[in-house]
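This report describes the aromatic pairs of the structure shown below, and then turns to a helix and to some backbone angles.

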Amino acid sequence: MSSLIVSKHFMERFFERVLKSECTYCRYDVLNKMQEMMHHYESNAFKTFKSSSKKVKLPFGKQYHAVVQNNTLITCYKVD
């Protein structure tokens, strides 16, 4: 996970939708919290698909998805 690039947009959406707090723009806060929320199989999926040249929607936690492409976290949203 530490090799992922976290976009500004992803950080803003993560703080807004997941943490429900003001964005600190701290990449480590985002990655650490995501890692805490993930099951081992979700972490393995990130390792497998994070470098895809196409946008890939990956689940994390019980109710969120992250969109990743070319080793960059693009956005996240809550699944209904």
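In this predicted model, the count of aromatic pairs comes to 4. One of them joins phenylalanine 14 and phenylalanine 60: the ring centres are 6.2 Å apart and the planes meet at 25 degrees, so the pair is stacked, given that planes under 30 degrees apart count as stacked. Phenylalanine 14 belongs to helix H1 (residues 8–19) and phenylalanine 60 to strand S2 (residues 56–60), so this pair ties together parts that lie 46 residues apart in sequence. Phenylalanine 14 is buried, with a relative accessible area of 0%. Phenylalanine 60 likewise counts as buried, at 0% relative accessibility.

Phenylalanine 60 also forms a stacked aromatic pair with tyrosine 64, with 5.7 Å from centre to centre and 25 degrees between the planes. Both phenylalanine 60 and tyrosine 64 are buried. One aromatic cluster is made up of Phe10, Phe14, Phe15, Phe60 and Tyr64.

A ring is involved in a further arrangement elsewhere: arginine 27 lies over the face of tyrosine 28, at 5.4 Å from the ring centre.

Helix H1 can also be considered as a whole. Its 12 residues should span 16 Å at 1.5 Å a residue, and the C-alpha atoms at its ends are 15 Å apart, which agrees. Phe10, Met11, Arg13, Phe14, Phe15 and Val18 are the buried residues of H1. These buried residues pack against strand S1 (5–6), helix H2 (27–37), S2, strand S3 (64–69) and strand S4 (72–78).

The backbone angle phi deserves separate attention. Most residues other than glycine have a negative phi. The table lists residues with a positive value.

| Residue | Phi | Place |
|---|---|---|
| Lysine 20 | positive, near 50 degrees | follows H1 |
| Tyrosine 25 | positive, about 55 degrees | loop between H1 and H2 |
| Asparagine 70 | positive, near 50 degrees | loop between S3 and S4 |

Are tyrosine 25 and asparagine 70 buried, partly exposed or exposed? Tyrosine 25 has a relative accessibility of 42% and therefore counts as partly exposed, since that class lies between the cut-offs of 20% and 50%. Asparagine 70, at 45% relative accessibility, also counts as partly exposed.

Conventions
Residues numbered from 1 in each chain as written. Predicted model: local features only at pLDDT ≥ 70, side-chain atom pairs only at ≥ 80, totals over all residues. Heavy atoms only, no water. Phe/Tyr/Trp six-rings, centres within 6.5 Å; stacked < 30°, edge-to-face > 60°. Helix = DSSP H or I, 4+ residues; strand = E, 2+ residues; numbered from the N terminus. Buried < 20%, exposed > 50% of the residue type's maximum accessible area, 1.4 Å probe, protein only. Lys NZ or Arg CZ within 6 Å of the ring centre and 35° of its normal. Expected span 1.5 Å × (residues − 1). Contact = heavy atoms within 4.5 Å.
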